[in-house]
There are 2 protein chains.
Amino acid sequence: MKQEEEIKPLRDKEKSKQKFLDAVEKILQTKGFSGLKVNDIARTAGLDKKLMYTYFGSRDQLIDEYIRSQDFWSNVKVEPTGPVIDDGGKALSKMMLISQFDYVFKNKEFQKILLWGLLENRKSLKKLADDREENGAMLFESITDPYFKENAKRYRAIIALLISGIYYLDIYATTNDCTFCGLDLKTTEGRSEIEEALRFLIDKTYE
Amino acid sequence: MKQEEEIKPLRDKEKSKQKFLDAVEKILQTKGFSGLKVNDIARTAGLDKKLMYTYFGSRDQLIDEYIRSQDFWSNVKVEPTGPVIDDGGKALSKMMLISQFDYVFKNKEFQKILLWGLLENRKSLKKLADDREENGAMLFESITDPYFKENAKRYRAIIALLISGIYYLDIYATTNDCTFCGLDLKTTEGRSEIEEALRFLIDKTYE
DNA sequence: TATTTTTATCACCGATTGGTGATATATTGT
DNA sequence: ACAATATATCACCAATCGGTGATAAAAATA
């Protein structure tokens, strides 16, 4: 009987590593990346900071591994959804923008990561940006570019503006309790106003 | 003769205060606000840090005074430009957006201030945001709200998205050398593509 | 010239930063 | 049972952080 039981040692490397990664996430949610001090990470993980160095080499490598462990773009993956899209990606674009607007607002860690990308030029963040570009390329190259033809670039510019605007407004709404252009981005009224604007602009773009 | 000459003492309070304010600006341009350490500010100013405390009270008060000394919204002031605007503010909106896109790209300090507003909830930054709101209110209430009537809020939402997008893209272009939606925001081609998109979207909004 | 006030510097403080060598303890292998 | 290795802790380091009291030196005032 006892031989068949799961053996769980008190000292588990993988479990400890995960504790450090969890600590990074927790601090990122609460204090932001400025709070990612070595001592604080160790304290939050409930382990000695020396372990962090033995397992990850350095604080930066730990952070890089955390970023790599997250899959922030999975929510916005453009899947080849069986039926052929015959509206030039109009409905897809709308859905993508709205869902991004909602996702970024809810995911505070992702907000911090986005902010980080505006502050530093960290390698692992560059990788994240590349993922975003690659993911977007699928939508552009296979659907909208052929549809808009000579105006393909303008469509890309419009999406760039809207996605960026979504990012900024969501982050702004989280840290500030001030309005933006008279709209309160924390209330459902203000947010649905933005969503309507997104739908409106996409509709007009496809006219 | 000599009595008529300007007397410039070696020790000048106002001059020293200005040195500290200049130091804040310089550090903000180069290292960002994370570089605004007391010792670094003093070293950059070429003065003892003690002076900073005697003149400004604290580092935070110095920073607040710096922010107050800047007039970031002067470039975008909506002046009552004599002739009555009869296009519902269409041309004005376009001009405002394009000039903001250009101004923010060139003004690195302002970029840092905007970023700061996404990170902290500092009082002086709140004041800055209020200025933006107040300034925008002039455009909305006196021109576009009466024009769009029941759709006034949607217009505000559209402007909110575009302004935010402009901010994000400009800051992104400065810190990253990566593309955004396949567009290189550092080249004139990429930037004029965004500008065209802005004009296009405003045109469509006024249709 | 002598005195007072303003301007500026210096030396130092405790707390915190990132980082490491020595050591203890648990687990595994023989 | 014993040795070897992996896991985890502890005490400590130099550097830097924000902040301050004592003091020097220049300028203003008398």
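## Surface near DNA strand C

In this predicted model, the surface near DNA strand C has 10 charged, 6 nonpolar and 3 polar residues. The residues around strand C number 19. Leu10(A) and Val38(A) are among those that come nearest. From the other chain, Arg11(B), Lys13(B) and Ser16(B) also rank among the nearest.

Both chains contribute helices here. Chain A supplies at least two residues from each of α2 (38-45) and α3. Chain B does so from each of α1 (13-30) and α3. The largest share belongs to α3(A), with 3 residues.

## Surface near DNA strand D

DNA strand D is surrounded by 20 residues. The closest are Arg11(A), Lys13(A) and Ser16(A) from chain A, with Leu10(B) and Val38(B) from chain B. By class, the surface near strand D holds 11 charged, 6 nonpolar and 3 polar residues.

Four helices each supply at least two residues of the surface near strand D. In chain A they are α1 (13-30) and α3 (49-56). In chain B they are α2 (38-45) and α3 (49-56).

## Relation between the copies

Chain A superposes on chain B after a rotation of 180°, with 0.0 Å of shift along the axis. The RMSD of that fit is 0.1 Å. The two copies are therefore related as by a two-fold rotation axis. Within chain A, Gly165(A) has the C-alpha nearest the axis, at 1.8 Å.

## Interface between chains A and B

The protein contact involves 44 residues of chain A and 45 residues of chain B. On the chain A side, α6 (108-119), α7 (123-148), α8 (152-175) and α9 (188-205) each supply at least two residues. The largest share comes from α8(A), which gives 17 residues. By class, the side of chain A that touches chain B has 25 nonpolar, 10 polar and 9 charged residues.

How do the two sides compare? Of the interface residues of chain A, 100% are also interface residues in chain B, so the copies meet through the same surface.

## Confidence

Chain A has an average pLDDT of 92. At least 70 is reached by 92% of its residues. Residues 1-5 of chain A are another matter: pLDDT stays under 50 there. For this stretch, the model has 0 contacts beyond four places in sequence.

How values were computed. Residues are numbered from 1 along each chain as its sequence is written. Chains are lettered from A and ligands numbered from 1 in the order in which they are written. This is a predicted model: local features need pLDDT of at least 70, side-chain atom pairs count only at pLDDT 80 or more; totals for chains, interfaces and linings use all residues. A residue is near a molecule or strand if its C-beta atom, placed from the backbone, lies within 6 Å of it. Ala, Val, Leu, Ile, Met, Phe, Trp, Tyr, Cys and Pro count as nonpolar, Asp, Glu, Lys and Arg as charged, and the others, Gly among them, as polar. Copies are superposed by least squares on the C-alpha atoms of residues with pLDDT of at least 70 in both. Two residues are in contact if their C-beta atoms, placed from the backbone, lie within 7 Å. pLDDT is the predictor's confidence in each residue, from 0 to 100.
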